[in-house]
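The following paragraphs lead through a protein model, beginning with a single position and widening to the whole chain. Please keep the sequence and the coordinates at hand while reading.

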Amino acid sequence: MSLINDDMQQLLLNYCEPENALLQKIDRETNLKVLMPRMLSGHYQGRVLSMLSKMVSPSRILEIGTFTGYATLCLAEGLNENGILYTLDINEELEEMVRANFAASEYNNKIKYILGDANETLNGLNETFDLVFIDADKKNNGTYYDMVFDRVRPGGLIIVDNVLWSGKVLNTNQDKDTKNISTFNDKILADSRVEKLILPVRDGLFVIRKK
């Protein structure tokens with residue numbers, strides 16, 4: 001899924017903050033035990049998410065799509081003293097692993113892990129968010145964006161993963177999944193309420209700042 005070659009990827013890893021022992025463990029166990037382990041953010045993208053979160057110093061973070069909790073813990077690194085991170089996921093089969101990963105972290109008491117359909121569980125959250133990370137079923141990126149937009153404070157960030165779709169967004173003849181990604185990207189491009197920037201990190205991160 002990386003858009004750059006292995007040598008450059010290694011150089012980038014050499015020049016960023018190291019991965020802590022818990023994140024290494026989550027990466028290793030995800031690759032050994034979980035289907036589609038490529039969904040995990042991984043070391044470099046995790047450091048990008050951590051840096052963006054620390055720059056915002058959020059009181060409230062929303063993550064849509066927990067998977068095994070790697071990105072969750074990276075985002076949690078930026079929470080301020082009284083901060084809370086809500087992470088929503090629908091996969092009950094991973095619950096035991098995810099809760100164990102959070103329990104092993106210093107951020108466990110700041111994380112609210114909510115299982116269920118995000119279209120429903122999101123409506124139960126009465127919060128204003130400083131940072132939102134959308135990394136779930138890609139066909140609903142636009143739906144989630146619309147649902148969270150009014151709940152993000154001015155100056156807050158919405159970050160959306162996989163917006164370059166392994167480079168397939170460049171294809172003239174696009175399959176259904178790629179068309180969904182391109183349609184979402186065009187939606188953000190046309191949204192005058194935000195400033196926007198795609199970072200070619202791993203599979204593409206859309207960083208969107210609410211004006």
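Asp27 is a suitable place to begin, and it is found in helix α2, which covers residues 21–33. The model is a predicted one, and every value discussed here is computed from it. With a relative accessibility of 21%, Asp27 counts as partly exposed, because buried residues must fall under 20% and exposed ones over 50%. Leaving aside residues up to four places away in sequence, Asp27 touches Glu19, Leu40, Gly42 and Tyr70. A distance can also be given for Asp27 and His43: they are 16 residues apart along the chain, and their C-alpha atoms are separated by 8.5 Å.

From this helix, the view may be widened to the fold. The protein contains eight helices and seven strands. Its radius of gyration is 16 Å, close to the 17 Å that the globule rule gives for 211 residues, so the protein is as compact as a globular protein of that length. Taken along the principal axes, the box filled by the C-alpha atoms is roughly 45 × 45 × 35 Å. Of the 211 residues, 51% count as buried. Among the contacts with a separation of 6 or more, 70% are accounted for by residues 24 or more positions apart.

The surface and the charges complete this general account. The accessible surface of the protein comes to about 10,800 Å², and carbon and sulfur atoms hold 50% of that area. There are 24 positive and 30 negative side chains in the protein. The centres of these two sets of charges lie 4 Å apart.

The next position to consider is Ser105, placed in the loop between α5 (95–103) and β3 (111–115). Is Ser105 buried or exposed? At 12% relative accessibility, Ser105 counts as buried, because this value is under 20%. When residues up to four places away in sequence are not counted, Ser105 touches Leu22 and Leu73. The first of these partners, Leu22, is 83 residues from Ser105 in sequence, while the C-alpha atoms of the two are 7.5 Å apart in space.

A strand offers another view of the interior. Ile134 lies in strand β4, which comprises residues 129–134. The relative accessible area of Ile134 is 0%, and the residue is therefore buried. Which residues does Ile134 touch, not counting those up to four places away in sequence? They are Ile64, Asn141, Tyr144, Tyr145, Ile158, Ile159, Val160 and Asp161. Pro58 serves as a further point of reference: Ile134 and Pro58 are 76 residues apart in sequence and 16 Å apart in space, C-alpha to C-alpha.

The loop between β5 (152–161) and α8 deserves attention for its backbone. Asn162 is placed in this loop, and Asn162 has a positive phi of about 65 degrees although it is not a glycine. The relative accessible area of Asn162 is 6%, so the residue counts as buried. Trp165 is found in the loop between β5 and α8 as well. The phi of Trp165 is also positive, near 50 degrees, in a residue other than glycine.

Beyond this loop comes helix α8, made up of residues 176–189, in which Thr183 lies. At 53% relative accessibility, Thr183 counts as exposed, because the value is over 50%. Thr183 and Asp7 are 176 residues apart along the chain, and their C-alpha atoms are separated by 32 Å.

The cysteines provide the last topic. How many disulfides does the protein have? The count is zero, where a disulfide is a pair of cysteine sulfur atoms within 2.5 Å. For Cys16, the closest cysteine sulfur is that of Cys74, and the distance of 10 Å is too far for a bond. Seen from Cys74, the closest cysteine sulfur belongs to Cys16, and the 10 Å between them likewise rules out a bond. Cys74 is at 0% relative accessibility and therefore counts as buried.

Notes. Residues are numbered from 1 along each chain as its sequence is written. This is a predicted model: local features need pLDDT of at least 70, side-chain atom pairs count only at pLDDT 80 or more; totals for chains, interfaces and linings use all residues. Side-chain values use heavy atoms; hydrogens and water are left out. Helices (H or I, at least four residues) and strands (E, at least two) are DSSP runs, numbered from the N terminus. The radius of gyration is taken over C-alpha atoms; the globule rule is 2.2 Å times the number of residues to the power 0.38. Buried means under 20% relative accessible area, exposed over 50%, partly exposed in between (1.4 Å probe, protein chains only). Contact means heavy atoms within 4.5 Å. Accessible areas come from the Shrake-Rupley method with a 1.4 Å probe; for residues, only the protein chains shown count as cover. Lys and Arg count as positive and Asp and Glu as negative; His and the chain ends are not counted. The place of a charge is taken as NZ of Lys, CZ of Arg, CG of Asp or CD of Glu.
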